[in-house]
Amino acid sequence: MAPTVPPALLALVTLLVPGLGVALPGCDYPAHLWCSSREIAVACQAESHCANLSRPAAAPVELSLFYESLCPACRTFLVEQLFTTWLLLPAEALNITLVPYGNAQERNVSGKWQFQCQHGEEECLGNMIEACLMNEAKDFNTYFPVIFCLESGSSVTKNLEAVCPHFLSPCLQVYAPQLDVRRITACVQGDTGIALMHHNAQLTEALDPPHQYVPWILINRKHTEELQAQAQNSLLGLICHLYQGEKPEACGGSGAPKASSYCRR
């Protein structure tokens, strides 16, 4: 059965072509088939009148955040810009990768990797806990709220120290009680955590251009000072501008600009 021709399309055909069924230049199809496929609709200049044609899916904007757990500038961006933008936008508009390592350094001592972090041993612990949390949870929607909770508290160190095998940290208890804190702790205290941090070190060292500070932000696998400033000033506005799909409701406006800041190496 041939598709029903929308009234608006019939009106268009009447205006453009005297008599239905007369093809437009470059269109070899009768009018009742003009909305049967996107290719035919384009050829017959009727695409905007074919409501049944779905728009091709747009790729999400890819954002990679290279950060460290105790860096004030990293915490500000993650809590005030990244988490808020993630909450407001649908999953198809934004895909986020988190790499906790930042300005740390690693060295191989007798075949075992050791790490030195910009804000001390507590930051190394925080980086590893967040890496192990990601590794255990797998799903971004599960672990990101926990990381947001850890980073948004008045004392990140206190929040991190709460992760131990004897009781759930408040952040895990509220946002991901299904996760096994004992497995996360075993990761932090064992070889898995070290391997995860070494992997993050490799990802960080492979950045091109090399990172000079954190947070270091990649948009669609690219870093420029302009993109960095735009992301830190108004991430929601930047993602809304770059996303090529149908604009989400949240893209009607963006937050007030915030001053850019960094933790330099």
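The following exchange covers the disulfides, a helix and the nonpolar cores of a predicted model.

Me: What kind of model is this, and how are residues numbered?
Reply: The model is predicted, so local features need pLDDT of at least 70 and side-chain atom pairs count only at pLDDT 80 or more, while totals for chains, interfaces and linings use all residues. Residues are numbered from 1 along each chain as its sequence is written, and side-chain values use heavy atoms, with hydrogens and water left out.

Me: Why is the link of Cys132 and Cys187 called a disulfide?
Reply: A disulfide is a pair of cysteine sulfur atoms within 2.5 Å. The S to S distance of Cys132 and Cys187 is 2.0 Å, so the pair meets the rule. By this rule the count comes to five disulfides.

Me: What makes the disulfide of Cys132 and Cys187 left-handed?
Reply: The torsion about its S-S bond is about -75°, so the disulfide is left-handed. Cys132 lies in helix 4 (residues 121-137) and Cys187 in helix 8 (residues 181-189), so the pair ties together parts that are 55 residues apart in sequence. Helices here are DSSP runs of H or I with at least four residues, strands are runs of E with at least two, and both are numbered from the N terminus.

Me: Why is Cys132 called buried?
Reply: Buried means under 20% relative accessible area, exposed over 50%, and partly exposed in between, with a 1.4 Å probe and protein chains only. Cys132 has 1%, so it is buried. Cys187, at 7%, also counts as buried.

Me: How do you know that Cys149 and Cys171 form a disulfide?
Reply: Their sulfur atoms are 2.1 Å apart, which means that the pair satisfies the cut-off. Cys149 lies in helix 5 (residues 140-152) and Cys171 in helix 7 (residues 170-175), so the pair ties together parts that are 22 residues apart in sequence. This link is left-handed, with -75° about the S-S bond, and both cysteines are buried.

Me: Is Cys251 buried or partly exposed?
Reply: Cys251 has a relative accessible area of 21%, so it is partly exposed. Its disulfide partner is Cys240, with S to S 2.0 Å. Cys240 is buried at 8%. The torsion about their S-S bond is about -85°, so this disulfide is left-handed.

Me: Why is Cys74 in no disulfide?
Reply: The nearest cysteine sulfur, that of Cys71, is 3.2 Å away, so the pair fails the rule. Cys74 is buried, with a relative accessible area of 2%.

Me: What makes helix 4 largely enclosed by the rest of the structure?
Reply: Twelve of the 17 residues of helix 4 are buried, so the helix is largely enclosed. Among them are Glu123, Asn127, Glu130 and Cys132.

Me: How does the reach of helix 4 compare with the expected span?
Reply: The expected span is 1.5 Å times one less than the number of residues. Helix 4 has 17 residues and reaches 24 Å from its first C-alpha to its last, close to the 24 Å expected. Lys138 follows helix 4 and has a positive phi, near 70°.

Me: What makes a set of residues a nonpolar core?
Reply: A nonpolar core is a set of buried Ala, Val, Leu, Ile, Met, Phe, Trp, Tyr and Cys residues joined through side-chain atoms within 4.5 Å. The largest has 61 residues, and those with the most contacts inside it include Leu63, Leu65 and Phe144. Another core, of nine residues, lies apart from it, with Trp34 and Cys50 among them.
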